Amino acid sequence: MDAPKTISIRVDAEPLPMERPRLARSGVYIPTQSALYVELLTWIILKEVTEQHWKAEPQDILSLEVTFSRSSARRVDIDNLIKPVLDAGTRAGLWVDDSQLYKIVAFKEIARESNGHTLIDVVKAGDPVLDAGATGRLAVNPVGVLHKIVASEEIGPSVDDEVHV
């Protein structure tokens with residue numbers, strides 16, 4: 001059976017931002033709440049990777065879309081919400097290394113439900129969703145070359161517009 005080209009994961013837990021590392025006499029450490037949240041994400045992602053038969057190879061080019069539905073309107077930097085997902089994704093085998101991610105799209109919203117949750121979608125290159133591209137966005141074509149897409153027309157190819165992987 002071939003591994004799927006997409007995986008979708010729902011994490012039914014309040015999205016938490018990664019806290020800054022702290023300095024103690026014993027060295028640098030990640031605060032307990034952040035460490036426990038990354039561990040929770042890791043276990044949930046690992047369960048889904050196994051159940052959905054997801055397999056990322058080192059040469060795969062991936063796109064990540066994450067939606068953070070928070071129960072609070074408290075302001076949180078979106079990059080700090082992404083960090084735990086990236087760490088947990090690597091630990092759980094969602095990708096071999098997060099350098100495989102060529103496109104990351106993240107949204108944050110107030111949850112319509114009482115509890116917050118996170119939706120994680122990963123797509124391998126060669127899938128129409130990742131290859132489609134939109135005005136001013138980046139898209140990855142199936143042969144593994146990153147192109148700028150403007151008004152659905154490729155700019156290039158030229159040495160300046162391509163990144164070979």
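The following questions and answers concern a predicted model of a protein chain.

Student: How many helices and strands are there in the protein chain?

Tutor: Read along the sequence, the pattern is β-β-β-α-β-α-β-β-α-β-β-β-β. Counting the elements of each kind in the chain gives three helices and 10 strands.

Student: What distance should helix α1 span, and how far apart are its end C-alpha atoms?

Tutor: Helix α1 covers residues 32-51, which is 20 residues. At 1.5 Å a residue, the expected span is 28 Å. This agrees with the model, where the end C-alpha atoms are 29 Å apart.

Student: Which residues of α1 are buried, and what arc do they cover around the axis?

Tutor: The buried residues of α1 are Ser 34, Tyr 37, Val 38, Leu 41, Thr 42, Ile 45, Glu 48 and Val 49. They lie on the same side of α1, because the arc they cover around the axis is only 140°. An α-helix has 3.6 residues a turn, so residues three or four places apart point the same way. The arc asked for is 140°.

Student: Which residues are exposed on the other side of α1?

Tutor: Buried means under 20% relative accessible area, and exposed means over 50%. On the side of α1 away from the buried residues, those exposed are Thr 32, Leu 36, Trp 43 and Thr 50.

Student: Is Thr 118 buried or exposed?

Tutor: Thr 118 sits in strand β6, residues 117-124. Its contacts beyond four places in sequence include Ile 9, Tyr 37 and Phe 68. The relative accessible area of Thr 118 is 0%, so Thr 118 is buried.

Technical notes. Residues are numbered from 1 along each chain as its sequence is written. This is a predicted model: local features need pLDDT of at least 70, side-chain atom pairs count only at pLDDT 80 or more; totals for chains, interfaces and linings use all residues. Side-chain values use heavy atoms; hydrogens and water are left out. Helices (H or I, at least four residues) and strands (E, at least two) are DSSP runs, numbered from the N terminus. Buried means under 20% relative accessible area, exposed over 50%, partly exposed in between (1.4 Å probe, protein chains only). Contact means heavy atoms within 4.5 Å. The expected span of a helix is 1.5 Å times one less than its number of residues. The arc is that of the directions from the helix axis to the C-beta atoms.
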